[in-house]
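Work through the exercises below with the structure open. Each task is followed by a stepwise solution.

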Amino acid sequence: MQLPPLHAPRTLRGRLTLWNVLILGVVLVLFTLVVYSILAHSLSVEVERSLDERADQINTAFQQQASYLSRFRQHQSVNIPPPNPSTFASSDSFVQIVSLDGQVLGTSDSLGNANLPLDAVTFQSGQPHYQTVQLGHGSVEVYSRPLVINEQVIGVVQVGRPLGPIQHALGQLRLFAGLGLVAALILSGLVVSAVSGKALRPLERLIRTAESIGSSRDLSRRVTPPSSDDEVGRLTLTFNQMLSRLEASDRQLRESLETQRRFTADASHELRTPLTSIRGNSGMLMQVPDMTAEDRAEAVEEIHREAERMSRLVGDLLTLARADAGLALKREPVEMASLVQSVASQARMLASGQRIVVEAPDSVMLMGSPDALRQLVLILLDNAIKYTSSGGLIKLRLSLYNQVVVLTVADTGVGISPEHLPHVFERFYRVDPARTAGGTGLGLSIAQWIAQQHGGYIEAESISGRGSAFTVHLPMDSSSTEREFASTDVQQTQPTDVDGQTELSPS
Ligand code: ADP
């Protein structure tokens with residue numbers, strides 16, 4: 001028959017209980033053994049000491065009697081009997097006197113008809129000797145020593161003491177120690193199991209919650225923290241904090257996936273419009289050969305316009321895709337005043353009747369990407385031109401405050417109403433798609449990304465029907481800037497209109 005293999009308990013509680021019982025068991029067994037051995041040894045020493053004393057008394061008594069005898073024999077003949085062994089014995093001890101030839105000369109009454117067995121060692125060597133013998137139903141410790149009178153060995157005195165009472169007491173001790181040991185182990189096992197069960201209960205709750213979170217994927221759940229501040233309490237706290245972080249990053253991931261999905265949908269939608277127009281016009285050119293030269297020119301112009309719009313859109317999408325991929329701009333010292341002047345000259349060529357005025361100090365240096373900064377200024381100027389009617393004024397102001405370069409592009413255009421203002425930096429957001437004259441809705445998103453890449457931000461202010469102002473704040477050296485732009489990257493405010501004059505007015 002094969003025994004099943006022994007396995008350690010699978011639970012921490014079971015292992016704690018088992019180890020406690022094992023260690024306590026070993027300690028108690030060792031302790032009991034030591035105490036028992038010391039007690040048994042001292043009892044045996046005590047028995048031997050009492051036997052030795054008794055033998056001494058007997059020998060002394062015989063010696064005294066011999067002195068009397070010799071004294072009296074010199075004067076008169078008297079018969080003095082030898083000492084009776086019973087006088088040296090009690091109910092729980094035996095005395096026996098044996099002659100040198102092994103003849104029993106006398107025994108104590110406590111021995112009855114029995115005799116103590118002769119000790120061969122004492123008889124042969126003449127030395128005192130202890131031996132344990134079986135007498136009747138019990139063991140007896142017997143001490144045999146030569147009986148010396150007037151320095152002459154005349155026999156052997158044997159003194160015995162039954163070991164029954166001592167053996168009974170030791171037996172009782174073994175029984176109680178054994179029972180006590182088992183009781184102590186059971187009790188300590190129960191106590192440790194109960195206490196560890198109570199201490200580990202929050203851990204159980206933690207495991208159950210973790211399992212149910214795993215199966216339900218509900219990261220909003222938390223474990224009720226235990227009132228104690230022990231290891232389990234700290235573990236619960238850490239677990240809850242970890243869940244909060246997981247929940248936040250899960251939310252972020254979902255949001256960015258949703259943004260990505262919306263972006264892709266918007267991008268395809270935006271690309272479809274010019275493509276449809278190009279396909280329609282080119283199809284018409286191919287299928288209607290007898291078109292008038294005027295209609296033909298109009299169709300070709302439309303195709304050209306839509307192709308340009310598409311390439312602008314693709315360019316913008318590429319810039320934003322690079323931005324999303326974490327593209328870092330290369331920095332170099334940029335002289336902002338001349339950069340602004342040059343972009344303004346370029347924008348003047350795009351303007352259709354709008355006046356562009358630049359206000360800039362002689363030189364303002366900035367650590368940044370010249371191409372990206374040029375694109376930023378152009379986006380703002382292009383918007384100002386697009387949304388300002390002919391004859392309007394566009395003012396470009398460059399200044400320096402506390403190591404921060406401040407660039408404002410203000411126009412007297414159509415303005416943006418307050419409900420749209422907070423959204424103009426969103427991708428593909430256009431206030432009025434019909435009015436945006438070729439706009440893709442990506443310009444301000446790109447401008448915002450460029451500002452952030454330089455450690456700065458953009459503010460937008462506008463009054464519907466009166467004009468808008470976009471202000472870019474760029475630290476001179478963004479590497480030394482410790483600003484946190486996650487929450488303040490874009491600030492949209494409504495400017496105060498004092499005495500009917502808007503402070504946006506570039507004039
Ligand atoms: P778009 O390419 O359409 O101009 P933008 O991201 O640059 O895209 O701008 C988003 C929207 O913000 C525009 O569609 C427009 O409605 C509004 N907007 C931007 N600049 C101005 C401005 N200077 N004046 C009025 N509206 C503006």
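A residue is near a molecule if one of its heavy atoms lies within 4 Å of it. The model is predicted.

**Exercise 1.** State how many residues surround the ligand, and sort them by class.

Solution.
- Step 1. The ligand is surrounded by 21 residues. The closest are Asn 383, Asp 411, Val 431, Thr 440 and Leu 444.
- Step 2. By class, this shell holds 10 nonpolar, 8 polar and 3 charged residues.

**Exercise 2.** Find the polar atoms that lie opposite oxygen and nitrogen atoms of the ligand, then give the share of the ligand's area that the protein covers.

Solution.
- Step 1. For polar contacts, take pairs of N or O atoms within 3.5 Å.
- Step 2. A polar atom in the side chain of Asn 383 is 2.8 Å from a ligand oxygen.
- Step 3. An N or O atom in the Asp 411 side chain lies 2.9 Å from a ligand nitrogen.
- Step 4. At Gly 443 a polar backbone atom is 3.3 Å from an oxygen of the ligand.
- Step 5. On its own the ligand has 530 Å² of accessible area, and the protein covers 98% of this.

**Exercise 3.** Identify the pocket that the ligand takes up, and describe its lining.

Solution.
- Step 1. The ligand's space is the largest pocket, with a volume of about 1100 Å³.
- Step 2. This pocket is lined by 42 residues; among those closest to its centre are Ile 379, Asp 382 and Lys 386.
- Step 3. α7 contributes the most to the lining, 10 residues, and also the largest share of the ligand shell, 3 residues.
- Step 4. The lining divides into 15 nonpolar, 12 polar and 15 charged residues.

Definitions and conventions
Residues numbered from 1 in each chain as written. Predicted model: local features only at pLDDT ≥ 70, side-chain atom pairs only at ≥ 80, totals over all residues. Heavy atoms only, no water. Polar contact = N/O pair within 3.5 Å; in protein donor to acceptor, adjacent residues only side chain to side chain. Areas by Shrake-Rupley, 256 points an atom, 1.4 Å probe, with all protein chains shown as cover. 1 Å grid on protein atoms, 1.4 Å probe; cavity = no way out; pocket = protein on both sides within 12 Å on 5 of 7 lines; lining within 4 Å. Sits in = over half its atoms within 2 Å of the grid points. Helix = DSSP H or I, 4+ residues; strand = E, 2+ residues; numbered from the N terminus. Nonpolar A, V, L, I, M, F, W, Y, C, P; charged D, E, K, R; others polar. Points joined across faces, edges and corners; volume = space filled by probe spheres on them.
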